[in-house]
Amino acid sequence: MYVEFIKYNLKEGVDLGQVEDVIVKAHKEFISKQKGFICWESLTSTDDSKIGADLLHWETLEDAMAAAETFMVDGNGQALMALSDMGSVEMMHFEVLKKME
């Protein structure tokens, strides 16, 4: 299993409600239909509500990379990017070594 970590700052004037609406729509219409998708966790910083992060869980790294590439040109991805300060975006991928619950 792989985790895609995306950290971003919201643009001035954008609130969390706007982001939540776009994320719910993007999940329903696009991400949940992608090969290898497991789950998506949307996060907000407890220190600064203008900082958000997403954790997306994927079966393979290839699935994550393919979805990310297509998401950038999909209308849902463009809507999310329009709310984000694109200069602040950081994306990383991690392999899950061990999962403990």
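This passage describes the sheet, the helices packed on it, the nonpolar core, the aromatic pairs and one buried serine in a predicted model.

The sheet is open and has four strands, arranged in the order S2-S3-S1-S4 with antiparallel pairing. Strands S2 and S4 form the edges, and each of them pairs on one side only. From one strand to the next, the twist averages 15 degrees. Strands S1 and S4 run antiparallel and are joined by eight bridges. Within the sheet, Ile6 stands opposite Met91, a residue of S4. Two helices that pack on the sheet are described here. Helix H1 touches S1, S2 and S3, and its direction makes about 180 degrees with that of S2. Helix H2 touches S1, S3 and S4, and the angle between its direction and that of S4 is about 165 degrees.

In soluble globular proteins, nonpolar side chains tend to be buried together. In the present model, the largest nonpolar core comprises 19 residues. Those with the most contacts inside this core are Val19, Ile31, Trp40, Leu56 and Trp58. Two or more residues are contributed by each of the strands S1 (2–10), S2 (37–44) and S3 (51–58), and likewise by each of the helices H1 (16–29), H2 (61–71) and H3 (75–83). The largest share, four residues, comes from H1. When residues up to four places away in sequence are not counted, Val19 touches Tyr8, Leu10, Val14, Leu80 and Leu83. Trp58 is buried, since its relative accessible area of 1% falls under the 20% limit.

The count of aromatic pairs comes to two. In the pair formed by Phe30 and Phe71, the ring centres are 5.5 Å apart and the planes stand at 40 degrees, so the pair is tilted. Phe30 belongs to the loop between H1 and S2, whereas Phe71 lies in helix H2; the pair therefore ties together parts that are 41 residues apart in sequence. Both partners are buried: the relative accessible area is 9% for Phe30 and 13% for Phe71. The other pair, Phe37 and Trp58, is edge-to-face, with 5.5 Å from centre to centre and 70 degrees between the planes. Because Phe37 lies in strand S2 and Trp58 in strand S3, this pair ties together parts that are 21 residues apart in sequence. Phe37 is buried, with a relative accessible area of 15%. Trp58 thus takes part in an aromatic pair and is also listed among the core residues with the most contacts.

A polar residue on an edge strand was also examined. Ser88 lies in strand S4, which spans residues 84–95. Its relative accessible area is 11%, so Ser88 is buried. The side chain of Ser88 reaches the backbone oxygen of Asp85 at a distance of 2.6 Å. Leaving aside residues up to four places away in sequence, Ser88 touches Lys7, Tyr8 and Asn9. These three residues fall within the range of strand S1 (2–10), the strand to which S4 is joined by eight bridges. Tyr8 is also among the residues touched by Val19.

Methods:
Residues are numbered from 1 along each chain as its sequence is written. This is a predicted model: local features need pLDDT of at least 70, side-chain atom pairs count only at pLDDT 80 or more; totals for chains, interfaces and linings use all residues. Side-chain values use heavy atoms; hydrogens and water are left out. Buried means under 20% relative accessible area, exposed over 50%, partly exposed in between (1.4 Å probe, protein chains only). A polar contact is a pair of N or O atoms within 3.5 Å; within protein, one must be able to donate a hydrogen and the other to accept it, and residues adjacent in sequence count only if both atoms are side-chain atoms. Contact means heavy atoms within 4.5 Å. A nonpolar core is a set of buried Ala, Val, Leu, Ile, Met, Phe, Trp, Tyr and Cys residues joined through side-chain atoms within 4.5 Å. Two strands pair if DSSP finds at least two bridges between them. Axes are lines fitted to C-alpha atoms, for helices over the stretch in contact, and angles run from 0 to 180 degrees between N-to-C directions. Rings of Phe, Tyr and Trp (its six-membered ring) pair if their centres lie within 6.5 Å; planes under 30 degrees apart count as stacked, over 60 as edge-to-face and the rest as tilted.
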